[in-house]
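Take a look at the structure below. This report walks through a pair of helices and then a few single residues.

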Amino acid sequence: MSQDIINEVYFLVYSVAMGIVITFVYDFILIARQMVKHNLLFVSLEDFLFWAACAVAVFYMLYEENNGILRWFAVFGAAFGMLLYKKIIGMHFVKLLSALIKKEIHIICKITGFILKPFIWAIKRVAAFCGFVSKRVKKVWKYMKKKLTAFVKMLKMGLCKH
C-alpha cells in the first residue's frame with residue numbers, strides 16, 4: 001500500500017476519533033445540565049461556546065493532518081464517529097453517570113445532615129431560648145413603659161397643682 005493511502009486512512013481514523021471525542025465531551029455538558037437546570041440563554045451560550053471550540057479543534061486537525069484542506073470523507077468520518085459513540089456508549093453513559101452523581105450527592109447530603117444534626121438541634125434550642133427571652137424582655141419593657149408613663153403623668157399632675 002502506498003504512503004498516500006496510509007496517510008488518508010490515518011486521517012479518516014483521526015476524524016472518526018475527533019467525532020467520538022466531540023460527542024464524549026458534549027455528554028459531560030448534558031450531564032451538567034441534568035445536575036443543574038439551565039435556562040434557554042445559558043443552554044444557548046454553552047452550545048455556542050462548545051461548538052466554537054469544536055470548530056477550532058476540527059480546523060486545527062484539518063490543518064495539521066491535511067494542510068487545511070476540507071475532505072468530505074473526514075466530515076463523514078467525524079459524523080460516523082459521533083453516531084458510533086452515541087449509539088454504542090452515549091445513551092447509557094449519560095444516564096449512568098447522571099444517576100451515579102445524583103446518588104453520590106444524595107449520600108453526601110445524608111452524611112452531612114447526620115453530622116450537622118447536633119449543631120442544628122443546638123441552634124434550634126438557642127433560637128427558642130432567645131425567642132423566650134425576647135418575649136419576656138418585651139413584656140417587662142411594656143410593663144416598665146406603662147409604669148413610667150403613669151409616674152410621669154402623676155408627676156405632671158403634682159407639679160401643676162403647686
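## How two helices meet

Helix 1 and helix 3 pass each other in a right-handed crossing. This is a predicted model. Two packed helices are described by the angle between their axes and the distance between the axes. Here the axes of helix 1 and helix 3 come within 7 Å. They cross at roughly 30 degrees. Angles under 35 degrees count as roughly parallel, so helix 1 is roughly parallel to helix 3. Which kinds of residue make up the contact of helix 1 with helix 3? There are 21 nonpolar residues, eight polar ones and four charged ones. Helix 1 covers residues 3-35, and helix 3 covers residues 72-161.

## Three residues and their surroundings

Now for single residues. The table sets out how accessible three of them are.

| Residue | Place | Relative accessibility | Class |
|---|---|---|---|
| Tyr-10 | helix 1 | 49% | partly exposed |
| Arg-33 | helix 1 | 14% | buried |
| Asn-66 | helix 2 | 11% | buried |

Start with Arg-33. Is Arg-33 buried or exposed? Its relative accessibility is 14%. Buried means under 20%, so Arg-33 counts as buried. Its side chain makes a polar contact of 2.6 Å with the side chain of Asp-47. Another polar contact, of 3.3 Å, links the side chains of Arg-33 and Tyr-26. Leave aside the neighbours within four places in sequence, and Arg-33 is in contact with Tyr-26, His-38, Val-43, Glu-46 and Asp-47.

Next comes Tyr-10, also a residue of helix 1. At 49% relative accessibility, Tyr-10 counts as partly exposed. How far apart in space are Tyr-10 and Glu-65? Their C-alpha atoms are 8.8 Å apart. In sequence, Tyr-10 and Glu-65 are 55 residues apart.

Last is Asn-66. This residue lies in helix 2, which runs over residues 40-66. Asn-66 has a relative accessibility of 11%, so Asn-66 counts as buried. Which residues does Asn-66 contact, leaving aside its neighbours within four places in sequence? They are Phe-11, Met-61 and Arg-71. Ile-105 makes another pair with Asn-66: the two are 39 residues apart in sequence. In space, Asn-66 and Ile-105 are 45 Å apart, C-alpha to C-alpha.

Terms used:
Residues numbered from 1 in each chain as written. Predicted model: local features only at pLDDT ≥ 70, side-chain atom pairs only at ≥ 80, totals over all residues. Heavy atoms only, no water. Helix = DSSP H or I, 4+ residues; strand = E, 2+ residues; numbered from the N terminus. Buried < 20%, exposed > 50% of the residue type's maximum accessible area, 1.4 Å probe, protein only. Polar contact = N/O pair within 3.5 Å; in protein donor to acceptor, adjacent residues only side chain to side chain. Contact = heavy atoms within 4.5 Å. Axes fitted to C-alpha atoms, helices over the stretch in contact; angles between N-to-C directions. Parallel < 35°, antiparallel > 145°, perpendicular 65-115°, else oblique. Left-handed = near helix turned anticlockwise from the far one by under 90°. Nonpolar A, V, L, I, M, F, W, Y, C, P; charged D, E, K, R; others polar.
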